[in-house]
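Trainee: Hi, could you walk me through this structure before I head back to the bench?
Mentor: Sure, pull it up and ask away.

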Amino acid sequence: DERSLLECVYSESAESWSELSNRRLQQWGGFPGEAGGMRPTSIPGWLRRVMEALVEAEVFPPGVRPNHVLLNEYLPGQGIMAHTDGPVHHPHVAILSLGGPAVMTFQPYLRTAEIGASPTSPLTFVPSGGVVV
C-alpha cells in the first residue's frame, strides 16, 4: 500500500538521495552510462517486489522487465522543465505518484521550430495513482 511504500522510500539512507535543484532523487538499478547503456547498481528488496508486481500484473509486455527505478521527491511548488528522456527509459515507463497529487504534461517530440504548435496532454495523478507510457 502507499503508506508502506513511502516508509520504505524514507527508510533508505541519506546517502541514497541526490540533491538536485528542484527535487531529491533516488536512483536504483543503474545509472545512465556512456553509449546509451546502464551502469548497473543494486535494487532494494522492497523495490524489486514492486517491479515484480508490475510484471505479474502485465503492466509491461511479455519479455520486457523494469531494469531501474527513479524515485523523485517533489515538494509542493517543485517540478522539472519539459524534457525528453534518453534511450534507457524507452520504450516503456511506469509512473506512480505517492503522497500527493502530481500533474505531468505529455506532448509529442517536437523540433525547436514546432514548439508551441502542438497540443499538450496534462495528466493529473492522484496519490497511489499511476500510468504506463
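Mentor: Here we go through the overall make-up, a sheet, a core and a few single residues.

Trainee: Before anything else, what kind of model is this?
Mentor: This is a predicted model.

Trainee: How many helices and strands are there in the protein?
Mentor: The protein has 2 helices and 9 strands. Starting at the N terminus, the order of elements is α-β-β-β-β-α-β-β-β-β-β.

Trainee: And what share of the residues counts as buried?
Mentor: Buried residues make up 24% of the 133 in the protein. The exposed surface is about 9400 Å², with carbon and sulfur atoms supplying 56% of it.

Trainee: What about contacts between residues at least 6 apart in sequence?
Mentor: Of those contacts, 53% join residues at least 24 apart.

Trainee: Let's turn to the sheet. What is the order of its strands?
Mentor: It is an open sheet of 3 strands, ordered β1-β2-β5, and the pairing is antiparallel. β1 (18-20) and β5 (69-73) each have a single partner strand and stand at the edges, so one side of each has no neighbour in the sheet. On average, neighbouring strands here are turned by 30° against each other, ignoring direction.

Trainee: What holds strands of a sheet together in general?
Mentor: Strands pair through backbone hydrogen bonds, in either a parallel or an antiparallel way.

Trainee: OK, and how many bridges join β1 to β2?
Mentor: There are 3 bridges between β1 and β2, which run antiparallel. The two strands form a hairpin with 2 residues between them. One bridge pair to look for is L20 with R23 in β2.

Trainee: And on the β5 side, how many bridges does β2 have?
Mentor: β2 (residues 23-28) pairs with β5 over 5 bridges, in the antiparallel sense. R24 has E73 in β5 as its bridge partner, and L25 stands opposite N72 in β5.

Trainee: New topic: which residues make up the largest nonpolar core?
Mentor: That core has 10 residues: L5, V9, W17, W28, I43, W46, L47, M51, V69 and L71. At least two residues each come from α1 (2-11), α2 and β5. The largest share, 3 residues, is supplied by α2.

Trainee: I spotted W17 in that list. What does W17 touch?
Mentor: Leaving out residues up to four places away in sequence, W17 touches V9, Y10, R24, L25, Q26, L71 and E73. Two of these, V9 and L71, belong to the core too.

Trainee: What about G29, is that one buried or exposed?
Mentor: G29 is buried, with a relative accessible area of 10%, which is below the 20% cut-off for buried. You'll find G29 in the loop between β2 and β3 (30-32).

Trainee: Which residues is G29 in contact with, outside its neighbours within four places in sequence?
Mentor: Those contacts are R39, P40, T41, S42, I43, N67 and H68. G29 and N67 are 38 residues apart in sequence, with their C-alpha atoms 6.2 Å apart in space.

Trainee: Last one: what can you tell me about the phi of E58?
Mentor: E58 has a positive phi of about 60°, although it is not a glycine. Most residues other than glycine have a negative phi.

Trainee: Where is E58 found?
Mentor: E58 is in the loop between α2 (45-56) and β5. E58 is exposed, with a relative accessible area of 67%.

Note on methods: Residues numbered from 1 in each chain as written. Predicted model: local features only at pLDDT ≥ 70, side-chain atom pairs only at ≥ 80, totals over all residues. Heavy atoms only, no water. Pairing = 2+ DSSP bridges. Helix = DSSP H or I, 4+ residues; strand = E, 2+ residues; numbered from the N terminus. Axes fitted to C-alpha atoms, helices over the stretch in contact; angles between N-to-C directions. Buried < 20%, exposed > 50% of the residue type's maximum accessible area, 1.4 Å probe, protein only. Contact = heavy atoms within 4.5 Å. Areas by Shrake-Rupley, 256 points an atom, 1.4 Å probe, with all protein chains shown as cover. Core = buried A, V, L, I, M, F, W, Y, C linked by side-chain atoms within 4.5 Å.
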